[in-house]
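Work through the exercises below with the sequence and the model side by side. Try each task before reading its solution.

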Amino acid sequence: MRCICYSIKANDNLAVIRTLARLGSGADIISGGELRRALQAGIAAEQLVFAGPGKTREEMELALASGVGQFNVESPAELEALASAARAQGTQAPVALRVNPDVDAETHDKIATGRRGDKFGIDDGDIAALYARAAALEGIEPVGLAVHIGSQLSRLAPFEAAYERVIDLVEDLRAAGYPVERINLGGGLGVRYRDETPPPVEAYGALVERVRQRIGVTAIIEPGRWLVAPAGVLLTRVIAVKQAGERRCVIVDAAMNDLMRPALYDAWHAIEPVAEPAPGVSTVETDVAGPVCESADVLGRERPLPPLAAGDLLAVRDVGAYGSVMASTYNSRPLAAEVMVRGDALASIRPRQDYETLLARDLVPSWLA
Ligand SMILES: Cc1ncc(COP(=O)(O)O)c(C=O)c1O
Ligand SMILES: N[C@@H](CCCC[NH3+])C(=O)O
């Protein structure tokens, strides 16, 4: 099992997955669709970790038949269902139990996953009994523990608290005679969108390494956002400029269906004009909103922007993670075209192209590859 398993949910564009696969990454997957994408992108099944609290029987069967390297199991019911699916195929499912350590990740409420009562993981107090059950169950091969307490963490302390809890549990399991060989420490390292100060990746890496050495295990991490967020830019064209009460409001052709994060989490993304404003031009506080029929469809509020007119291009920054993957066709709006640009290659793209299917997002023009 590879030590870095890129969390595909952050950006499932095949060109992105292929790039990380070429660099030696495995993948964290959460659905049959992500499993297919990972395989299509050239990641070997044994380098895949299948996570998530709701795997269907069909997804389990597909993952077992493909030879997925690890299942992170999140409940007693899931363990039994997986054992049954594995027995039906005459195989063994390699399983890590996902711990709910009851640690607050100090992030947005909607993306914290490790507190008591969150739907994720198995309460830490129930791990020992379930591990014993896993060891006794035909069709299951317990290999270790997993933990993931949330996304966009801006401090190391919650990681440390969660990992300490996992270390304690590993020691208890070993004392009970189980050879725990693997721990999966999840993802979650935050990025700077505005003024956040996430720990440097070196500090996070050093923490993972300390944990690995303390208990002598293979440690897997599942970064998503940190790897891809800064790599994405959403280009959008101004449709109309209007006054909304006291405020200038610019209506653009991208909307909450393209980038859901501002509407869903009040997330802040930098918004900049693509053309450099002439020197000395003053800025005006501007709301940047989409055409969707929801008041939540605002990409940015009170942004200092220069004078704008219909046809001008704006760039919304840091949308490489949880951007297009969360897009929808609400209001029958087509999905935005996505292209990967390497180095200083100039991409001449139309910001909105009427692709027929979701998978068409992966049609990266060969001249850019
Ligand atoms: C189990 C699991 N692993 C990894 C990740 C990736 O998290 P992030 O993008 O914050 O690194 C997630 C998403 O939060 C997740 O649910
Ligand atoms: N979609 C969230 C992150 C969720 C992480 C997945 N568990 C965001 O945009 O911040």
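The exercises that follow treat an annotated span, the nonpolar cores and a pair of helices in this predicted model.

**Exercise 1.** Determine how far apart the end C-alpha atoms of residues 4–229 lie, and describe the secondary structure of the span.

*Solution.* The span is taken from UniProt, where an unreviewed entry places the feature "domain: Orn/DAP/Arg decarboxylase 2 N-terminal" at residues 4–229. Its end C-alpha atoms are 17 Å apart, and the span is 39% helix and 16% strand.

**Exercise 2.** Identify the residues with the most contacts inside the largest nonpolar core, and find which helix gives the most to this core.

*Solution.* The largest nonpolar core comprises 71 residues, and those with the most contacts inside it are Leu82, Val95, Leu97 and Leu145. Helix α6, which covers residues 157–175, gives the most to this core, with 7 residues. Turning to Val95, and leaving aside its neighbours within four places in sequence, one finds contacts with Phe71, Val73, Leu82, Ala134, Ile140, Glu141, Pro142 and Val143. A second, separate core has 20 residues, including Met256, Leu314, Val316 and Val319.

**Exercise 3.** Classify the arrangement of helices α2 and α3 as roughly parallel or roughly antiparallel, and describe their contact.

*Solution.* The axes of α2 (residues 32–40) and α3 (residues 57–66) come within 9 Å and cross at roughly 25 degrees. Because angles under 35 degrees count as roughly parallel, α2 is roughly parallel to α3. In the contact, Gly32, Leu35 and Leu39 of α2 meet Glu58, Glu59, Leu62, Ala63 and Ser66 of α3. Sorted by class, this contact has 4 nonpolar, 2 polar and 2 charged residues.

Methods:
Residues are numbered from 1 along each chain as its sequence is written. Chains are lettered from A and ligands numbered from 1 in the order in which they are written. This is a predicted model: local features need pLDDT of at least 70, side-chain atom pairs count only at pLDDT 80 or more; totals for chains, interfaces and linings use all residues. UniProt positions are given in the numbering used here, feature names are shortened, and annotations may be inferred rather than shown by experiment. Helices (H or I, at least four residues) and strands (E, at least two) are DSSP runs, numbered from the N terminus. A nonpolar core is a set of buried Ala, Val, Leu, Ile, Met, Phe, Trp, Tyr and Cys residues joined through C-beta atoms within 7 Å. A residue is buried if 20 or more other C-beta atoms lie within 10 Å of its own, exposed if 12 or fewer, and partly exposed in between; C-beta atoms are placed from the backbone. Two residues are in contact if their C-beta atoms, placed from the backbone, lie within 7 Å. Axes are lines fitted to C-alpha atoms, for helices over the stretch in contact, and angles run from 0 to 180 degrees between N-to-C directions. Angles under 35 degrees count as roughly parallel, over 145 as roughly antiparallel, 65 to 115 as roughly perpendicular and the rest as oblique. Ala, Val, Leu, Ile, Met, Phe, Trp, Tyr, Cys and Pro count as nonpolar, Asp, Glu, Lys and Arg as charged, and the others, Gly among them, as polar.
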